[in-house]
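Trainee: Walk me through this model, please. I want to see how each label is earned.

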Amino acid sequence: LLRLGWRPCPPPKNRRRYVLAGQMRRLRPSLLKLNCPPSGLRSYVHHLVCSTMRRCMSTTAATSGKSNHVVHAEDVVAAEHRIRNAVHRTPVMSCRTLDKLFSGEEGGNNSSNGSSSNAPKLYFKCENFQKTGSFKFRGALNAVTRLMEKEEEEGMKEGGKSHSRVHVVTQSSGNHGQALAACAAVRGVDATIVMPSTSPTVKKNAVKGYGATVVECEPTEQARDIAASNVVEETKGVLIHPNQDPEVIAGQGTIAKELLEELPHLDAIVAPVGGGGMIGGIAVWAKHVNPSILVVAAEPTAADDCFRSKKAGEKLMNEAPPVTIADGVKVSIGHNTWPIIRDLVDDVICVTEEEIMDATRLVWERMKLVIEPSSGVGVAAVLNENGKRVLAGRKNIAVVLCGGNVDLEAMSWSRK
């Protein structure tokens with residue numbers, strides 16, 4: 001549409017969407033001149049209109065001020081101020097081999113020692129180097145710090161009365177549990193982590209190592225929520241949800257803030273999605289800074305609730321506990337992250353288990369980085385054919401390597 005002369009304009013302040021009818025009427029003569037078979041013209045125009053509507057709705061949501069989202073750009077800024085002295089500003093790395101694979105040069109067999117200036121470039125945000133081994137430390141620290149601020153504010157209102165020791169509770173497959181346990185230790189509060197019985201042993205041991213109490217439950221989302229509620233009632237604690245807590249989402253948004261400060265020329269960001277806290281926070285900041293940037297979620301085909309939700313236009317759950325090696329993205333998107341994903345995430349790419357394994361191995365072997373399979377989901381997404389189609393025309397693409405907590409004993413597939 002841009003090639004044919006269409007230009008987006010700022011949405012009217014008193015309206016929530018663009019009116020495209022006039023734009024399409026103006027474009028009709030140009031569309032009819034396209035080198036397109038008459039039988040395919042209707043479907044082609046339909047595709048253009050639908051894709052334009054999605055982009056316009058995304059742009060409107062990002063630029064129309066306050067929305068029905070639980071997190072906004074100023075929340076990400078506040079989160080950065082709270083956590084910047086305690087988190088790592090993780091490095092951004094690149095890999096020529098992966099660039100060539102994305103460009104379609106199989107196996108990286110290019111005689112040129114350098115890459116073409118017009119070739120797409122992949123950048124990898126290494127959250128596997130974050131404290132506790134994943135991006136989760138950002139959101140957990142922001143949530144715990146904000147909780148402590150509220151406690152102090154309440155104490156000031158009550159004349160400086162001291163409160164009993166704070167107790168934080170969460171349910172997590174591992175990474176958020178580790179992060180919250182570590183943050184609780186730093187801030188001097190107690191923590192209880194509800195973990196599925198199928199969580200990797202390395203993650204359970206890490207949570208205990210940070211001084212938190214582990215309560216195991218059945219590996220279903222309902223069982224996790226019930227167990228966490230019971231612990232909250234027993235301990236009189238405060239629940240910090242791993243992906244639906246607004247302070248957690250805002251904390252994860254600092255990933256995008258760092259990325260776009262270091263690489264302002266980015267035109268796409270790809271990140272794995274489970275509950276949606278990371279992709280939600282990233283989308284909020286990225287669309288605030290650059291409404292035209294492409295924000296893409298990646299998830300296993302075995303846990304494709306986000307893909308199905310975007311397609312249906314309503315939040316859908318995983319019908320059964322997903323069976324996938326990417327244990328960090330088994331959960332479904334939630335009530336707080338769904339509106340953000342619906343409005344600000346442009347597309348969702350699904351990847352197979354084999355693609356996740358191959359991508360994880362590829363990063364180990366070529367980039368010499370230890371990542372967990374959940375990180376491999378994002379890498380697999382940019383390398384499969386659907387990902388290449390979605391990202392076509394984008395020259396500077398960031399992929400978030402969300403964590404590196406690998407249970408080597410359980411990875412029999414890595415030895416095949």
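Mentor: Start with the word helix: a DSSP run of H or I, at least four residues long, counted from the N terminus. Keep in mind that the model is predicted.

Trainee: What phi does K368 take, just after helix 14?

Mentor: A positive one, about 60°.

Trainee: How do you know that the span of helix 14 agrees with its 15 residues?

Mentor: Helix 14 covers residues 353–367. The expected span is 1.5 Å times one less than the number of residues. That gives 21 Å, and the end C-alpha atoms are 21 Å apart, so the two agree.

Trainee: Which residues of helix 14 are buried, and what do they pack against?

Mentor: I356, A359, T360, R361, L362, V363 and M367 are buried. The buried residues pack against strands 1, 2, 8 and 9, and against helices 4 and 15.

Trainee: Why does S173 count as buried?

Mentor: Buried means under 20% relative accessible area. S173 has 15% relative accessibility, so it counts as buried. S173 lies in the loop between strand 3 and helix 6. Leaving aside residues up to four places away in sequence, S173 touches M195, P196, S199, P200, K203, R224, D327 and G328.

Trainee: What makes helix 6 roughly parallel to helix 7?

Mentor: Helix 6 (residues 175–187) packs on helix 7 (residues 201–209) at about 10°, with the axes 8 Å apart. Angles under 35 degrees count as roughly parallel. Therefore helix 6 is roughly parallel to helix 7. The crossing is left-handed.

Trainee: Which residues meet there?

Mentor: From helix 6, N175, G177, Q178 and A181. From helix 7, K203, A206 and V207. K203 is also one of the residues that S173 touches.

Trainee: Now the sheet. Why are strand 1 and strand 9 at the edges?

Mentor: Six strands form an open sheet with mixed pairing, in the order 1-2-10-7-8-9. Strand 1 and strand 9 each have a single partner strand, so one side of each is left without a neighbour in the sheet.

Trainee: How do you know that strand 7 and strand 8 pair?

Mentor: Pairing needs at least two bridges. Five bridges join strand 7 to strand 8, and the two run parallel. In one of these, A268 partners L294.

Trainee: Which strands does helix 11 lie across?

Mentor: Strand 7, strand 8 and strand 10. Helix 11 runs at about 165° to strand 7. Over 145 degrees counts as roughly antiparallel, so helix 11 is roughly antiparallel to strand 7. Helix 12 packs on the sheet too, touching strand 8 and strand 9, and makes about 140° with strand 9.

Key
Residues are numbered from 1 along each chain as its sequence is written. This is a predicted model: local features need pLDDT of at least 70, side-chain atom pairs count only at pLDDT 80 or more; totals for chains, interfaces and linings use all residues. Side-chain values use heavy atoms; hydrogens and water are left out. Contact means heavy atoms within 4.5 Å. Axes are lines fitted to C-alpha atoms, for helices over the stretch in contact, and angles run from 0 to 180 degrees between N-to-C directions. Buried means under 20% relative accessible area, exposed over 50%, partly exposed in between (1.4 Å probe, protein chains only). Angles under 35 degrees count as roughly parallel, over 145 as roughly antiparallel, 65 to 115 as roughly perpendicular and the rest as oblique. A crossing is left-handed if the near helix is turned anticlockwise from the far one by less than a right angle, and right-handed if clockwise.
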